[in-house]
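Q: Could you take a close look at one part of this model for me? I'd like to see how a surface patch sits within the fold.

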Amino acid sequence: MQFPDEVHDFLRKIASEHNCTVSRVIEQFMTDLLSETKDISESNAETLQKVSKEKPYLLVKKDGKPFARVSFFDEKICAK
């Protein structure tokens, strides 16, 4: 995959600020992209269970800003 220079520079800057690799930054962006997004006020046991059946990830926001990233266990794997 090749990015324009300005995108690559942006990714390297973020990686440097967070002491991680560019691939880790891309992974986090992709996780957020594939996530269901809910406000923290909407989060309870029922909504978490419902989301876990529809998406593998949940991005929780508080006051419109990212607050937590949740990754759900695969029920098939956990049942063993």
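**A patch and its surroundings**

A: Buried residues account for 15% of the 80 residues in the protein, where buried means under 20% relative accessible area, exposed over 50% and partly exposed in between, with a 1.4 Å probe and protein chains only. Bear in mind that this is a predicted model, where local features need pLDDT of at least 70, side-chain atom pairs count only at pLDDT 80 or more, and totals for chains, interfaces and linings use all residues. Residues are numbered from 1 along each chain as its sequence is written, and side-chain values use heavy atoms, leaving out hydrogens and water.

Now the patch: Met 30, Leu 33 and Leu 34 make a nonpolar one on the surface, together offering about 310 Å² of accessible area. Patch members have over 30% relative accessible area and no salt bridge (side-chain nitrogen of Lys or Arg within 4 Å of a carboxyl oxygen of Asp or Glu); nonpolar side chains (Val, Leu, Ile, Met, Phe, Trp, Tyr) are joined within 5 Å, like charges within 9 Å. Areas are Shrake-Rupley values with a 1.4 Å probe, and for residues only the protein chains shown count as cover.

Leu 34 belongs to helix H2 (residues 22-34), and it counts as partly exposed because its relative accessibility is 46%. Helices (H or I, at least four residues) and strands (E, at least two) are DSSP runs, numbered from the N terminus.

Zooming out, the elements run α-α-β-α-β-β-α from the N terminus. The radius of gyration is 15 Å, well over the 12 Å that the globule rule gives for 80 residues, so the protein is more spread out than a compact globule. That radius is taken over C-alpha atoms, and the rule is 2.2 Å times the number of residues to the power 0.38.
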